[in-house]
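Colleague: Before we get into this one, could you settle a term with me? I'd like to know how you decide that two residues touch.

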Amino acid sequence: MSDAFQNRTVTYRQHIEQFLEEKCFQHDSEPQKTLFDSMRYSLLAGGKRIRPVIVLEFAKAAGGDMESAVDAACAAEMLHTYSLIHDDLPCMDDDDMRRGKPSCHKQFDEATALLAGDGLGGRTVGDGYRVLVDLVGNLDLKIARGHLEGIDIQHLTLSLEDGGV
């Protein structure tokens, strides 16, 4: 992996974590507090953040900037986290641990975990999805015009296959 890409990846992850921590699902009053706490619990449980890194790298390749694409990048992470929460439920794989912590349904309860996953999945249909559609449309135009430059696809692919990034 090139040093430049590695440096961008570190920067991307910092922005992703900051966005998720500061802007996602903060509510102090009941009854939403428990639901939002469960959503944040799973969303902020760590991970490599591969999906949002890819979104930000493609935004860069399409001529966009990180600030305008971070919502779409985080929407990709929310969609991924939704799938992990639901996958861990007793009616699916019934996993008790996720990323070294009790899975959402063990930390809260099954009904709350189901709603947490649904809430994260539903959030991706909002602003993040619209930004993502715009980015993909712009990227498609650049690919069609032969203007895709600056993205290290070979190293990105290799990094994803070997668990890097």
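Modeller: Contact means heavy atoms within 4.5 Å. Keep in mind that this is a predicted model, where local features need pLDDT of at least 70, side-chain atom pairs count only at pLDDT 80 or more, and totals for chains, interfaces and linings use all residues. Numbering runs from 1 along each chain as its sequence is written, and side-chain values use heavy atoms, leaving out hydrogens and water.

Colleague: Okay, so what is S42 in contact with, leaving aside its neighbours within four places in sequence?

Modeller: T81, I85, R99 and C104. S42 itself lies in helix α2.

Colleague: What makes something a helix or a strand for you?

Modeller: They're DSSP runs numbered from the N terminus: H or I over at least four residues for a helix, E over at least two for a strand. The protein comes out with eight helices and two strands, in the order α-α-α-α-β-β-α-α-α-α.

Colleague: Back to S42: why does S42 count as buried?

Modeller: Buried means under 20% relative accessible area, exposed means over 50%, and partly exposed is in between (1.4 Å probe, protein chains only). S42 sits at 10%, so it's buried. Across the protein, 38% of the 165 residues are buried.

Colleague: How many aromatic pairs does your ring rule give?

Modeller: Just one aromatic pair. The rule takes rings of Phe, Tyr and Trp (its six-membered ring) with centres within 6.5 Å; planes under 30 degrees apart are stacked, over 60 edge-to-face, and the rest tilted.

Colleague: Then why is the pair of Y41 and F108 called edge-to-face?

Modeller: The ring centres of Y41 and F108 are 5.6 Å apart, and the planes meet at 80 degrees, so edge-to-face it is. Y41 belongs to α2 (32–43) and F108 to the loop between α5 (104–107) and α6 (110–123), so the pair ties together parts 67 residues apart in sequence.

Colleague: Are those two buried or partly exposed?

Modeller: One of each: Y41, at 15%, counts as buried, while F108, at 27%, is partly exposed.

Colleague: How do you know that the span of α4 agrees with what a helix should have?

Modeller: The expected span is 1.5 Å times one less than the number of residues. For the 23 residues of α4 (66–88) that gives 33 Å, and the end C-alpha atoms are 32 Å apart, which agrees. α6, with 14 residues, reaches 20 Å, close to the 20 Å expected.

Colleague: And what makes you say α4 is mostly covered?

Modeller: 17 of its 23 residues are buried. α4 also gives nine residues to the largest nonpolar core, the largest share of that core.

Colleague: What counts as a nonpolar core?

Modeller: A set of buried Ala, Val, Leu, Ile, Met, Phe, Trp, Tyr and Cys residues joined through side-chain atoms within 4.5 Å. The largest has 27 residues, and F25 and M78 touch the most other members. Not counting residues up to four places away, F25 touches F36, M39, R40, L43, M78, L120 and R123.

Colleague: What makes D109 a cap for α6?

Modeller: A polar contact is a pair of N or O atoms within 3.5 Å; within protein, one must be able to donate a hydrogen and the other to accept it, and sequence-adjacent residues count only if both atoms are side-chain atoms. A side-chain oxygen of D109 lies 3.2 Å from the backbone nitrogen of A111, at the N-terminal end of α6. At the start of α4, a side-chain oxygen of D65 comes within 3.1 Å of the backbone nitrogen of E67.

Colleague: Which elements do the buried residues of α6 pack against?

Modeller: α2, α4 and α5. Those buried residues include A113, A116 and L120.
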